[in-house]
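New to this one? Here is a quick briefing to read alongside the sequence and the model.

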Amino acid sequence: MNAAVRAVTRMGIYVGAKVYLINEGYQGLVDGGENIKLAHWHSVTNIIQLGGTVIGSARCKSFTTREGRLAAAFNLVKKGITNLCVCGGDGSLTGANIFRSEWKGLLEELVQKGRITDDLAKQHTHLNIVGLVGSIDNDFCGTDMTIGADSALHRIMEIIDAIMTTAQRSDAEQGLWSSCRYLALVSALASGADWLFIPEAPPKQGWEDRMCARLESSRTTGSRLNIVIMAEGAIDMNGESISSTYVKDLVVKRLGYDTRVTVLGHVQRGGTPSAFDRILSCKLGVEAVIALMEATPDTPACVIGLSGNHAVRLPLMECVEMTKLVQTTMDEKKFDETIKLRGGSFENNWNIYKLLAFQKPNKNSNFTLAILNVGAPAAGMNAAVRSAVRQAIVHGHKVYAVHDGFLGLANGALFEMKWGMVAGWTGQGSSLLGTKRTLPGKNMEKIVETITKYNISALLVIGGFEGYNGVLQLFEARSHYDELCIPMCVIPATISNNVPGTDFSIGADTAVNSAMEGCDKIKQSASGTKRRVFVVETMGGYCGYLATCTGIAVGADAAYIYEEPFNIHDLKTNVEHLAEKMKKDIQRGLVLRNENCHENYTTDFIHRLYSAEGKGIFDSRVNVLGHLQQGGAPSPFDRNFGTKMGVRAIQWLSEKLTENYRQGRVFANSADTACVLGLKRKVVSFTPVSELKDATDFEHRMPKVQWWMNLRPLLKMLAKYQTSFCEYVPGEIEHVTRRSISIDSGF
């Protein structure tokens with residue numbers, strides 16, 4: 001929420017508006033006085049990394065009454081406020097809409113009571129409102145994510161990871177966790193939970209037997225720990241409550257497993273916000289201000305939501321009505337409809353969880369798959385390998401894993417994978433298979449020999465730019481080697497997020513969080529130091545995604561990247577800009593530099609420049625984050641993303657194997673049998689590597705056009721740089737109906 005407060009405040013000031021911060025929510029609005037304070041640019045300095053909300057939040061019974069809203073209207077009119085941005089759940093936003101609809105009548109009553117003049121009322125004839133959804137439950141219809149949900153997932157996964165280490169004891173152990181519905185579902189998928197209880201999908205009669213059989217089966221494949229995750233309000237098909245105590249007693253009685261219950265509670269609401277939540281809040285906050293500035297008396301109240309990583313404007317009451325409809329279908333026990341109304345992402349998560357948790361292996365398909373990691377390590381690679389291995393086994397395929405990428409494939413470093421071998425891989429960082437950047441070109445004949453020796457029918461490559469480039473080389477070599485006429489799929493996995501054909505790569509979210517946490521600590525180190533600027537170098541090759549997203553997440557003053565050329569005059573402007581800020585209340589500055597942003601303006605050069613030009617005003621320090629950005633446990637997003645991409649890749653490969661099986665062998669030589677599996681906005685697509693060739697800058701190892709460049713204006717505007725406003729692309733209006741939700745792909 002603090003990142004949203006910062007974004008709305010600074011964007012409001014940026015466009016020339018007066019901005020007031022209202023403390024303690026609607027209670028502060030009703031009480032007025034010191035609760036409504038004029039904000040300045042520096043009022044929201046250094047709050048982006050803080051959890052909770054610095055302006056407070058409170059439930060307010062008086063605002064539910066007309067008298068309370070009359071007091072609120074009086075306090076707003078006194079300050080000349082006619083635009084209100086509300087960050088909260090559906091109750092807060094519904095209250096804001098009621099307030100807006102009553103505004104005219106409230107002013108008339110204030111005039112009649114002599115509390116304001118008729119002229120003052122005429123100057124404030126209309127109240128514009130815009131909503132931002134702040135809720136860890138992510139249960140507001142129309143938006144892909146709500147502010148706070150990703151951070152809550154981080155807290156849950158941190159705790160699950162910590163508790164899973166207790167399974168290193170010799171005795172059997174069982175864990176049960178309790179959390180909210182969306183959080184329970186995604187954390188179950190991200191942790192590889194053995195069983196999941198959510199109210200939207202109650203277990204059928206006899207679930208006790210099936211659950212115990214499932215837990216026993218997990219132990220026979222080598223697992224030392226079972227995980228059962230329960231959402232708040234878990235019920236059976238008859239609507240009867242299922243408690244964690246009941247499940248614990250059931251497991252102890254039937255299986256004799258040592259079982260523990262952990263109720264997460266309010267720990268899910270606390271802690272430092274994740275990088276995703278900070279960037280989301282910045283995007284939505286900026287869009288909220290633009291929506292208010294463009295609003296007219298005829299403009300319906302709107303909520304700023306997220307659709308396919310783009311800010312959109314959603315009619316407020318359409319969202320509220322659809323959100324209420326979810327509960328109505330729950331009450332009527334129309335559970336299949338409930339899941340569909342929760343949106344495409346929720347439904348997709350549920351279907352993939354069922355696929356991985358409950359589907360049984362088919363008979364032998366006679367097909368053999370090889371899975372390898374290529375390029376630099378990226379968190380989430382192991383999650384993709386795990387789901388791919390298990391889904392392939394479910395399809396009846398024989399699965400080989402390859403050590404050390406294409407080099408290992410050439411050297412025959414293969415070993416057969418079994419179901420239990422990938423247990424616990426979801427939360428492991430780096431690449432457990434081993435990975436190298438070596439391309440197949442020089443070892444083509446040896447690779448062909450290995451494919452022939454092991455009778456490999458399809459290849460799944462999980463890796464970065466080298467993975468894509470390597471599969472392109474294999475595709476182009478098909479004219480010389482029939483053995484390469486097999487289906488091949490690339491799952492992009494790299495911290496640089498520089499693979500063409502996708503908006504996101506596995507590992508990029510974890511890397512941004514790692515860089516962000518490093519920058520938070522760097523900033524904190526100067527808390528007792530007057531006026532210091534840090535120059536921080538990030539990785540990413542020539543791609544500036546990591547520097548840009550980290551810059552937004554930490555509130556950087558500048559982020560230098562290769563895609564946005566700069567010269568000595570730009571550097572001079574940045575130094576002068578920082579010097580001017582340092583003369584006032586700002587104590588710290590942060591400048592990010594992508595490692596390859598400029599041949600001559602190196603990190604050391606920029607550090608020396610800032611040190612020399614800032615002399616007497618601020619001093620400068622340099623930090624190179626380095627391989628810290630490649631390490632650590634994968635973020636919830638990367639675990640979830642990797643898991644789903646692994647499943648989808650195997651489904652596609654299985655289809656291609658069946659389609660191209662002729663006369664006792666697989667022969668796939670068409671362009672659409674060698675593809676990159678990508679996520680573009682919310683649509684999963686398989687794009688032939690041959691088609692992507694023209695869209696690729698091979699010299700700098702990245703796509704020629706990159707979607708995230710539209711985030712650059714956010715970084716500049718929130719750092720108080722005068723930039724061309726025409727660079728900003730405002731959000732579109734999207735209606736929220738049963739039909740719009742039913743056709744939402746929501747990966």
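Let's start with a helix pair: α18 passes α19 in a right-handed crossing. Keep in mind that this is a predicted model. From there, the notes move on to a sheet, then to strand β9 and the nonpolar cores.

**The α18–α19 pair**
- Helix α18 covers residues 508-524 and helix α19 covers residues 545-554; they pack with their axes 9 Å apart, at an angle of about 50°.
- That angle falls between the 35 degrees below which helices count as roughly parallel and the 65 degrees where roughly perpendicular begins, so α18 and α19 are oblique to each other.
- On the α18 side, the contact is made by A508, A511, V512, A515, M516, C519, D520 and K523.
- On the α19 side, the residues touching α18 are Y545, L546, C549, T550, A553 and V554.

**What surrounds α19**
- How many of the residues of α19 are buried? The count is 10 of 10, so to speak a helix that is mostly covered.
- The buried residues include Y545, T548, G551 and I552.
- Among the elements covering them are helices α10, α18 and α24 (712-718).
- Strands play a part in that cover too: β17 (532-538), β18 (558-560) and β19 (588-594) are included.
- Just after α19 comes G555, which takes a positive phi of about 70°.

**The four-stranded sheet**
- Take the strands in the order β18-β19-β17-β20 and you have an open sheet of 4 strands with parallel pairing.
- Which strands stand at the edges? They are β18 and β20 (619-624); each has a single partner strand, so one side of each has no neighbour in the sheet.
- From one strand to the next, the twist averages 20°.
- Strands β17 and β19 run parallel and are joined by 7 bridges. Here R532 stands opposite R588 in β19.
- Helix α21 (residues 603-613) lies across β17, β18, β19 and β20, and runs at about 165° to β20.

**Strand β9 and its partners**
- Strand β9 spans residues 302-307, and 6 of its 6 residues are buried.
- Both of its faces are covered: C302, I304 and L306 are buried on one side, and V303, G305 and S307 are buried on the other.
- Strand β4 (residues 128-133) runs parallel to β9, with 3 bridges joining the two. In this pairing V130 stands opposite C302.
- Strand β10 (residues 310-315) pairs with β9 in the antiparallel sense, over 6 bridges. C302 turns up again here, opposite P315.
- The hairpin of β9 and β10 has 2 residues between the strands, and G308 takes a positive phi near 60° there.

**The nonpolar cores**
- Nonpolar side chains tend to be buried together in soluble globular proteins.
- The largest nonpolar core in this model has 134 residues; L196, I304, Y353, L460, I462 and Y545 touch the most other members.
- Which helix gives the largest share of this core? Helix α10 (residues 275-294) does, with 11 residues.
- There is also a second, separate core of 44 residues, which includes A71, L76, L314 and L341.
- I304 of β9 is worth a look: leaving aside its neighbours within four places in sequence, its contacts include V130, G131 and L132, then L284, E287, A288 and A291, and also A311, V312 and R313.

Terms used
Residues numbered from 1 in each chain as written. Predicted model: local features only at pLDDT ≥ 70, side-chain atom pairs only at ≥ 80, totals over all residues. Heavy atoms only, no water. Buried < 20%, exposed > 50% of the residue type's maximum accessible area, 1.4 Å probe, protein only. Pairing = 2+ DSSP bridges. Core = buried A, V, L, I, M, F, W, Y, C linked by side-chain atoms within 4.5 Å. Contact = heavy atoms within 4.5 Å. Axes fitted to C-alpha atoms, helices over the stretch in contact; angles between N-to-C directions. Parallel < 35°, antiparallel > 145°, perpendicular 65-115°, else oblique. Left-handed = near helix turned anticlockwise from the far one by under 90°.
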